[in-house]
Amino acid sequence: MEGWMEAFWEALRLFGAYMGRGSLLLIFLCAQLYLFFAERDGLRRILFLYLPWGLLALFFQPWFAGIFFRLAGEEIYYRLLWLMPMSIVSAYALVGAVSRVGRPVLKADREDRLQKELEFEKEARSVPDLAAKPPAILASVLASVLAIGLGGSWIYANPHYVLAENAYHVPQAVVDICDAIHVEGREVMAAFPPEMLQFVRQYDAAICMPYGRESLVPTWGQPNDLGSLMESREEVSAEEMAGLAREYACHYIVVGEEKAIAGRLADNGYGEFARMHGYIIYKDINFSVALVP
């Protein structure tokens with residue numbers, strides 16, 4: 001039982017981290033409250049009301065969470081919350097609420113609702129100047145926009161998000177380095193620093209790597225000796241780095257200029273090939289682009 005409770009508290013922690021400051025969650029809950037009383041379409045009630053709460057119930061179910069943790073780990077459990085249509089529900093409810101400014105929200109039954117809708121439309125058509133209504137609608141729209149905007153944060157304050165530098169939406173350093181080591185008609189193997197791993201394969205599938213993000217996450221249980229050296233902030237041995245790179249048949253090694261390396265890679269079979277964007281590209285001196293793949 002204790003293990004199940006730990007799973008519940010971990011799910012709660014992940015939920016809190018996913019929701020951040022909770023402002024958008026509050027908007028979502030208000031949208032749910034509005035739809036509970038105002039929405040009468042059966043299918044929409046299932047999609048926008050019952051489905052999100054069903055997913056939340058499953059997310060916090062300790063037995064389900066415990067089994068998921070054991071099979072896939074805790075790091076990706078929060079991704080189940082991606083299934084919740086929070087944005088769609090909030091937008092639908094906000095548009096519905098704004099469009100009903102001046103109309104009753106609570107409806108006794110279908111006939112009563114239709115009758116009041118007809119009365120509202122008839123009254124609207126009979127008034128030539130509806131200047132009294134647009135300000136209220138505009139105020140509602142502005143209030144909704146402010147609530148959403150103030151509930152979030154400036155996305156570029158996150159170091160993982162930067163203004164697009166090119167059409168590929170990857171760092172320009174990755175583009176230029178990959179272009180420099182690309183060999184037409186064959187694959188090449190290259191060791192990259194950890195900050196580039198997620199971008200290299202997006203840009204050039206012909207450039208292979210001996211390790212990926214799986215080597216950087218301890219709980220995934222796929223460590224890589226070369227990847228650990230590339231990630232290390234301490235001084236590393238040039239001889240050891242070159243030896244491991246050769247074990248993985250790396251044609252290139254890319255390291256930051258500030259990388260502390262004891263010794264010279266050039267003395268261990270990897271000569272300097274190019275420098276760009278604060279990185280040094282080393283190339284296996286025995287590698288020839290004329291080699292048959």
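Here, a residue is called partly exposed when its relative accessible area falls between the buried cut-off, under 20%, and the exposed one, over 50%. Leu 12 has a relative accessible area of 34%, so Leu 12 counts as partly exposed. Keep in mind that what you're looking at is a predicted model. Below is a quick tour: the core, then the surface patches, the salt bridges, some backbone angles, and a couple of residue pairs.

**The nonpolar core**

- Let's start inside: the largest nonpolar core has 43 residues, and the ones touching the most other members are Phe 192, Leu 226 and Met 241.
- Quite a few elements chip in with two or more residues each, among them the helices H8 (172-181), H9 (197-203), H10 (225-231) and H11.
- Strands take part as well: S1 (188-191), S4 (252-256), S6 (270-276) and S7 (279-284) each give two or more residues to this core.
- Helix H8 is the top contributor here, giving 6 residues to the core.
- As background, nonpolar side chains tend to be buried together in soluble globular proteins.

**Patches on the surface**

- Now for the outside, where Asp 225, Glu 239, Glu 240 and Glu 247 make up a negative surface patch.
- Which helix gives the most to the negative patch? That's H11, spanning residues 238-247, with 3 residues.
- Glu 247 sits in helix H11, and with 63% relative accessibility against a cut-off of over 50%, Glu 247 counts as exposed.
- There's also a nonpolar patch on the surface, formed by Leu 43, Ile 46, Leu 47, Tyr 50 and Leu 51.
- Together, the members of that nonpolar patch have about 480 Å² of accessible area.
- Take Tyr 50 as one of them: you'll find Tyr 50 in helix H3, residues 42-59, and its relative accessible area of 48% makes Tyr 50 partly exposed.

**Salt bridges**

- How many salt bridges are there? The count comes to 5.
- One of them pairs Arg 275 with Glu 257, and the closest N and O atoms are 3.6 Å apart.
- This pair ties together distant parts of the chain: Arg 275 belongs to strand S6, while Glu 257 is in the loop between S4 and strand S5 (261-262), and 18 residues separate the two.
- Arg 275 has 49% relative accessibility, so Arg 275 counts as partly exposed.
- Glu 257 also comes out as partly exposed, at 43% relative accessibility.
- Arg 275 has a second link, a salt bridge with the side chain of Glu 272, at 2.7 Å from N to O.
- For Glu 272, the relative accessible area is 45%, so Glu 272 is partly exposed.
- Put these together and you get one network, with Glu 257, Glu 272 and Arg 275 joined by salt bridges that share partners.
- Elsewhere, Asp 267 and Arg 264 form a salt bridge, their closest N and O atoms being 2.6 Å apart.
- Asp 267 counts as exposed because its relative accessibility is 56%, given the cut-off of over 50%.

**Positive phi angles**

- His 169 has a phi near 60°, which is a positive value in a residue other than glycine.
- Where is His 169? Look in the loop between helix H7 (134-151) and H8.
- Is His 169 buried or exposed? His 169 counts as exposed, with 59% relative accessibility.
- Ala 249 is another residue other than glycine with a positive phi, near 60°.
- You'll spot Ala 249 in the loop between H11 and S4.
- With a relative accessible area of 46%, Ala 249 is partly exposed.

**Pairs apart in sequence**

- Back to Leu 12, which is in helix H1, residues 2-19.
- Leu 12 and Phe 59 are 47 residues apart along the chain, and their C-alpha atoms are separated by 8.9 Å.
- Another pair to look up is Ser 99 and Ser 140: they are 41 residues apart in sequence, and 9.4 Å apart in space from C-alpha to C-alpha.
- Ser 99 is found in helix H5, residues 86-99.
- At 45% relative accessibility, Ser 99 counts as partly exposed.

Definitions and conventions. Residues numbered from 1 in each chain as written. Predicted model: local features only at pLDDT ≥ 70, side-chain atom pairs only at ≥ 80, totals over all residues. Heavy atoms only, no water. Patch = residues over 30% accessible without salt bridge, like charges linked within 9 Å, V, L, I, M, F, W, Y side chains within 5 Å. Areas by Shrake-Rupley, 256 points an atom, 1.4 Å probe, with all protein chains shown as cover. Salt bridge = Lys/Arg side-chain N within 4 Å of Asp/Glu carboxyl O. Lys, Arg positive; Asp, Glu negative; His and termini not counted. Charge placed at Lys NZ, Arg CZ, Asp CG, Glu CD. Helix = DSSP H or I, 4+ residues; strand = E, 2+ residues; numbered from the N terminus. Buried < 20%, exposed > 50% of the residue type's maximum accessible area, 1.4 Å probe, protein only. Core = buried A, V, L, I, M, F, W, Y, C linked by side-chain atoms within 4.5 Å.
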